[in-house]
Structures are given as structure tokens and as C-alpha cells.
Amino acid sequence: MKLIVRGKAKLQGAFSVPGDKSISHRALLLGAIAAGETKVENCLVAEDVLSTARCLQQLGVQIDGFGTPSIIVHGVGGANLKQSDEPLDCGNSGTTMRLLMGILAAHTFESWLTGDSSLQKRPMDRVAIPLQRMGAKVEGRTERYLPPIRIRGGKLRPIEWALPVASAQAKSAILLAGLFADGTTLVHEPAPSRDHTERMLQAFGAKIFVKGLTVAVVGPAKLKGTTVIVPGDPSSAAFFLCAAAAIPDSEVTALGISVNPTRSGYLEVLEQMGATILLHNERTQGGEPVADVTVRGSKLKGVTISGDLIPRTIDELPVLAAIATVAEGITVIRNAQELRVKESDRIATMVSELRKLGAQVKELPDGMVVQGDSKLIGAEVQSHGDHRVAMALAIAGLLAEGETVIHDADCVAISFPQFPQVLASLGAEVELA
């Protein structure tokens, strides 16, 4: 599929985005090992979350309403999943693989976890090594534990683990394994990462303690099924909010999205760049802070994005790089080497594709330098099979003169199948071919 975008239209209006991807994954996984039923409302229906649901079904979990936003997970009550006769296909989803490894570490049978060609290039060592320390046996390719992964679980012991890089997925995998260990498992982070697992574990009845950058879980824990209402995904909303920020006289409102501080770093960046950000109707939904967020566009200025901001903007960095091309001055992104091991090497892919549009971008080992005030010209660009790259390039196309064609845009279905329709509803010229 090709996504065609024509530039220079103002964006106006309110929009909704599907349920948050991170929270949807966690609701399914915790519901699966809890006792009783877990009802999940506004669950994201997209390929990554469907991969999690399919893997759980293979492991003997009954899921009613599969493929719809309203589902019921019938939990097995602890380490009572059933061995799958076939490999567990995690598709393109690193979250599925890493968090499932944490749960399978407590199961005495052997499991194979695999995925698509992109996932098989993504290292699993930050999960595999601590899980082995807890007592599981984990095998992968090379010292980085590239998938396919073979894991055989067993009786787990608690550990105290310092993560080398802030990673919500690695932290979550260790905490999930810690649910089944006899004692307290502690995880220390070098910087804050998204905290959805901690919040949701509390809702399911686990004993969780958070102090500064340390999270602890007490095992063995017995989770009880609950109701999870998933807020709108802020990473999906970010594409439209960033676009509106960069197009003067634009104003858009994202309805009911998560404003969890571990996810809202991009809003802080937009404010630093000079956009107007307004939060309305703030409330708490399923333990998560939620609000309607309005962004008004203006002439932006370049900023530096680094340090503790990086874990809180990691998924939004591609679109922030795209809008930095038209900001005044220079934008520098540093300490973001994690982008190298996403669905694509997002540093290399964004640099190469933005250059096709006429942007002046320099690649750094851990980020990029974007020279602003570029006169972007529509061009043919490639998604590299990466959903966030495809959508970020569509936003860059809105800022360009003429027509931009994004090839291999089918990948947006991984996280946000409705992206073209929402973009068009706000006034953009969008076409699928």
C-alpha cells in the first residue's frame, strides 16, 4: 500500500485515537495469569496486540471478543498456562516477546518464541540475562540473544537488578517473573521509563513498591481479574499533535488520551519548541491520568532532546525529528541509541528519508542533528516496514510542497490502522493507493 500526502493544509478539529498499545498488551497478559475474568474496554485492535492475544490463546487462555475493542480474558490463575505445540509467533511486537518471556520463565515447560524478520533482529539480552539469573533457561542467537528464543522456566528466585538502559519492557519482564518468585524482586532504572506495568499490577492486587527509580514486587503474588478501561494512545495522538504544532494557525484536540508523565515527554518538547498546549477534562481512568489535549500551531524553534527526556519520548522521536525540519534553528537528539534496535534503525531510516524531502539532517551514533527552516519538497520515500517511520514521514509530507508518497505503508496497521482516516478528518489531503 502507498500512502500519498499533499502538503500545506491547515489541521483543525477534534479526534480520537484507539486504545493505548502498551496498556492493551499488559491488560491481556495480566488478565491471562490472574484468577477469574478480566474485562478490557477500548482495547487496541492492531497487529501488535493481536499477536499477544494469539500467543495467549496458543497457551490455553480463553479470550472472548477477540479482534474487537471489548474483550474478556479468562485467567488461568498463576503459572498454569499450557505448553504450545507450535512456536509462539510474536509478529512485529517486541513487547509481546519480552513480557511473555517474563511470564514463561515461571512455567516448567519449554517454549519457542519467534517473530517476523524485523523482530528477529532485535536483541533480547536485557530480558534473557536477568531471567536466567532468576532460574530460567534461555537460549537465543549470538550474545545479544536474537530471536527465535527458546525458554524453559522453573522455580524462580527473586533478584535485585540494575538495568543498563531505561527500558519499560525489560523492567516489566523482570517484574512479571518476580510475581512467581518467593520474595522481593527489585529493579533499578537509570532514568524513568513508562510505568504502566506497576500501575496495573497494583490494580490486579500485587504488592508493588516504588521509590525513586527503584520498583519492587513481592512474590508469590495472586492476581485477581479486574476491569481495565484503556485510555487513548498518546503515541498515536502525537502524530497529529506534532503536525498541528508545526503548521501555523492549526488547532487540534486529542480526546481522552493518556497523559501519564512517563509518556508525555513529547508535549514538554512541543512546549519548549513554542507550541501552545492545553489540557482539559483531566481525570483518572483505570489508574492512569487521562485528558483531552489541545495543541495550537506556531513558528517553532529548535531544541535539544536528551537525557531523561529520551525514555519518555522514545516512540515520538521520529515525528519530532520530522517537524524539527521546519523549526527555526537546530534541533539535536542525543542519548537515543535505543532507536537503532526498533522495528528499523530509526536513526538511519529517518535521516535517509528526510533527506529525500530536502531536509538537512546529520546522523549521530546516538541520535541526529536537524537543521531547521528547510524548504521541504514532496518526494517518494520508504517506510522500511516501520509503522512509526511511515506515519512520521506522512507528517513530514504535510510540511512539504507538493505530493509525498510513502511506500510500504501497510505497516501502519501494526499500531494504528485508522491513521490515514483520522489525518484526512482533520483536513489533510490523504490518498491510499
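How far apart are the axes of α1 and helix α2, and at what angle do they cross? I put this at the head of the page, and I note beside it that I am working from a predicted model.

**Entry 1: α1 and α2**

I looked up the pair and found that the axes of α1 and helix α2 (residues 47-58) come within 9 Å, crossing at roughly 10°. Angles under 35 degrees count as roughly parallel, and α1 is therefore roughly parallel to α2. On the α1 side I listed Lys21, Ser24, His25, Leu28, Leu29 and Ala32, and on the α2 side Asp48, Val49, Thr52, Ala53 and Leu56, as the residues that make the contact. Sorting the contact of α1 with α2 by class, I get 6 nonpolar, 3 polar and 2 charged residues.

**Entry 2: the cavity**

I then searched for enclosed space and noted that the structure holds 1 cavity of 30 Å³ or more. The largest cavity contains about 60 Å³ of space. Its lining consists of Leu28, Cys43, Leu44, Val45, Val49, Leu50, Ala53, Ile63, Phe66, Gly67, Thr68 and Ile71. Helix α2 supplies the largest share of this lining, with 3 residues. I went back to the first entry here, since Leu28 of α1 and Val49 and Ala53 of α2 take part in the helix contact and are also named in the cavity lining. By class, the lining of the largest cavity has 10 nonpolar and 2 polar residues, with no charged residue.

**Entry 3: α12 and its partners**

Which residues of α7 meet α12? I found Ser235, Phe239 and Ala243 in α7 against Arg388, Met391, Ala392, Ile395 and Leu398 in α12. I recorded this contact of α7 with α12 as 6 nonpolar, 1 polar and 1 charged residue. Helix α7 (residues 234-246) packs against helix α12 (residues 387-398) at an angle of about 15°, and their axes lie 10 Å apart. The two helices are therefore roughly parallel to each other, and α7 passes α12 in a right-handed crossing.

For helix α11 (residues 346-356) I noted an angle of about 30° to α12, with the axes 11 Å apart. This makes α11 roughly parallel to α12, and the crossing of α11 and α12 is right-handed. Here Arg346, Thr349, Met350, Glu353 and Leu354 in α11 meet His387, Arg388, Val389, Ala392, Leu393 and Ala396 in α12. The contact of α11 with α12 divides into 6 nonpolar, 2 polar and 3 charged residues. Comparing my lists, I see that Arg388 and Ala392 of α12 appear in the contact with α7 and again in the contact with α11.

**Entry 4: the pockets**

I turned next to the open spaces, and for the largest pocket I wrote down about 750 Å³. It is lined by 42 residues, and those nearest its centre are Ala166, Ser167, Ile314, Glu338 and Lys342. The elements giving two or more residues to this lining are α1 (21-33), α3 (94-104), α4 (125-134), α5 (168-178), α9 (309-313) and α12. By class, I have 14 nonpolar, 11 polar and 17 charged residues for the lining of the largest pocket.

The second largest pocket has a volume of about 300 Å³. Of its 15 lining residues, I noted Lys8, Ala246, Pro248, Val326 and Leu399 as the closest to its centre. The lining of the second largest pocket comprises 8 nonpolar, 2 polar and 5 charged residues.

Key:
Residues numbered from 1 in each chain as written. Predicted model: local features only at pLDDT ≥ 70, side-chain atom pairs only at ≥ 80, totals over all residues. Heavy atoms only, no water. Axes fitted to C-alpha atoms, helices over the stretch in contact; angles between N-to-C directions. Helix = DSSP H or I, 4+ residues; strand = E, 2+ residues; numbered from the N terminus. Parallel < 35°, antiparallel > 145°, perpendicular 65-115°, else oblique. Left-handed = near helix turned anticlockwise from the far one by under 90°. Contact = heavy atoms within 4.5 Å. Nonpolar A, V, L, I, M, F, W, Y, C, P; charged D, E, K, R; others polar. 1 Å grid on protein atoms, 1.4 Å probe; cavity = no way out; pocket = protein on both sides within 12 Å on 5 of 7 lines; lining within 4 Å. Points joined across faces, edges and corners; volume = space filled by probe spheres on them.
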